[in-house]
Amino acid sequence: MNDLLAAPTKIWTPARVLITRSASELPHTAEIVRRCEAAGVSEIDVMPGDRLTGLRGESERQTYARAKTTLAVVVAPASVLKPQPIPPSADWRIDLAKGCPAHCQYCYLAGSLSGPPITRVFANIDDVLAGIGTHAGRGNITSGTAERGHEGTTFELSCYTDPLGIEHVTGSLAEAIARVGAGTYGDDVSLRFTTKFDDVTELLTLDHGRRTRVRLSVNADDIAQRFEGGTARMPARIEALRRLALAGYRVGLTIAPIMPIPQWRDQYGRLLANVAAALRDVPDLDLTTEIITHRFTPSSKDVLLSWYPGTKLEMDEDARTAKRNKFGGVKYVYPKDTMSEMRTWFVNELESVLPESQLLYWT
């Protein structure tokens, strides 16, 4: 194992924390401040109002760098509090935060979040989590299906953030898991989130009631090393998956974004073999797999190139197939033959190497 893969994960700690006036009055903010101070953050400022200022630098690169080292504590507006359907992942989306401290050069958030890529955590956590109670029993994406009906009404926590990547300075994820595990919002609901981080120690002590599925985002080594800056290396993620499974969590793999890089079969084959070896002796294993191929939009490409002007990420429209939605938007995906070849290989390899895993979807 080379030094890069063996290196311990550096936990992200913001250089500064900005707290809006309204957020400063909420009890969860006190917990966030406590955690930030314990992590060594010295610059914690309460804003005079609810507008965040001073986020931009003199250039796009400086703005990006400043945003990626800043945590903002804000109040989630009414538009965020209403759960939204999130197919094919879950019945509903619940947002603990928006923004992510990682530096993934294919970032899915590029083009979907406005302004500098600051991480905003929501202080009104009671309001945020209340949507679980109001929407329990109302799902139609996973609820009622033969494949996933046993999960109850499902709530996705990682659409606009990596909640584990900021957990040591927010505590929001542990609060959500503990409440759902205790049945606060009913017995027939479950949480799910994806992460590229490995600091799961606090989660292992929670009474999760087996009502949370933690999926580790995994990929071929070449992709993770080149394009996923600031995240845990692959062996650390796989070890975190094992620790969570041994602690009774339902677990999963989010293999994303799949790319047909040179020797992709060999690299993804090693990945699946390593996961199988890590989970081989886990009792009562409940494992799922979700597979997402790489895609981009014109707007996300522009944003990513401004963030990572030297990226080697392939975003060539001429080598892709344009896929349009009903609103006229376009995204660029791999050609049909490439998609079919990769899908056939992954389905066969999963059945051979990880037969206990349930493939939820390919997209």
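Ala278 touches Ile238 and Arg242, leaving aside residues up to four places away in sequence, and Ala278 itself is found in helix α11, which covers residues 264-279. The model in which these contacts appear is a predicted one. The points below begin with the surroundings of Ala278, move on to Cys159 and the second largest pocket, and end with the protein as a whole.

**Ala278 in helix α11**

- Ala278 has a relative accessible area of 13%, and because buried means under 20%, this residue of helix α11 counts as buried.
- Arg243 is 35 residues from Ala278 along the chain, while the C-alpha atoms of these two residues are separated by 9.4 Å.

**Cys159 in a loop**

- Cys159 lies in the loop that runs between strand β9 (153-156) and helix α7 (172-181).
- With a relative accessibility of 23%, Cys159 counts as partly exposed, whereas Ala278, at 13%, is buried.
- When residues up to four places away in sequence are not counted, Cys159 touches Ile86, Arg93, Asp95 and Leu109.
- Cys159 and Leu360 are 201 residues apart in sequence, and from C-alpha to C-alpha they are 17 Å apart in space.

**The second largest pocket**

- A volume of about 340 Å³ is computed for the second largest pocket.
- The lining of this pocket is made up of 21 residues, and those that lie nearest its centre are Lys98, Leu113, Ser114, Ile118 and Arg120.
- Sorted by class, the lining of the second largest pocket comprises 13 nonpolar residues together with four polar and four charged ones.

**The protein as a whole**

- The protein contains 13 helices and 17 strands.
- Its radius of gyration is 20 Å, close to the 21 Å that the globule rule gives for 363 residues, and the protein is therefore as compact as a globular protein of that length.
- Measured out along the principal axes in the model, the C-alpha trace of the protein spans about 55 × 50 × 45 Å.
- Of the 363 residues in the protein, 53% are buried.
- Among the contacts in the protein with a separation of 6 or more, 78% are accounted for by residues 24 or more positions apart.
- The accessible surface of the protein comes to about 15900 Å², and carbon and sulfur atoms hold 50% of that area.

Notes:
Residues numbered from 1 in each chain as written. Predicted model: local features only at pLDDT ≥ 70, side-chain atom pairs only at ≥ 80, totals over all residues. Heavy atoms only, no water. 1 Å grid on protein atoms, 1.4 Å probe; cavity = no way out; pocket = protein on both sides within 12 Å on 5 of 7 lines; lining within 4 Å. Points joined across faces, edges and corners; volume = space filled by probe spheres on them. Nonpolar A, V, L, I, M, F, W, Y, C, P; charged D, E, K, R; others polar. Helix = DSSP H or I, 4+ residues; strand = E, 2+ residues; numbered from the N terminus. Rg over C-alpha atoms; globule rule 2.2 N^0.38 Å. Buried < 20%, exposed > 50% of the residue type's maximum accessible area, 1.4 Å probe, protein only. Contact = heavy atoms within 4.5 Å. Areas by Shrake-Rupley, 256 points an atom, 1.4 Å probe, with all protein chains shown as cover.
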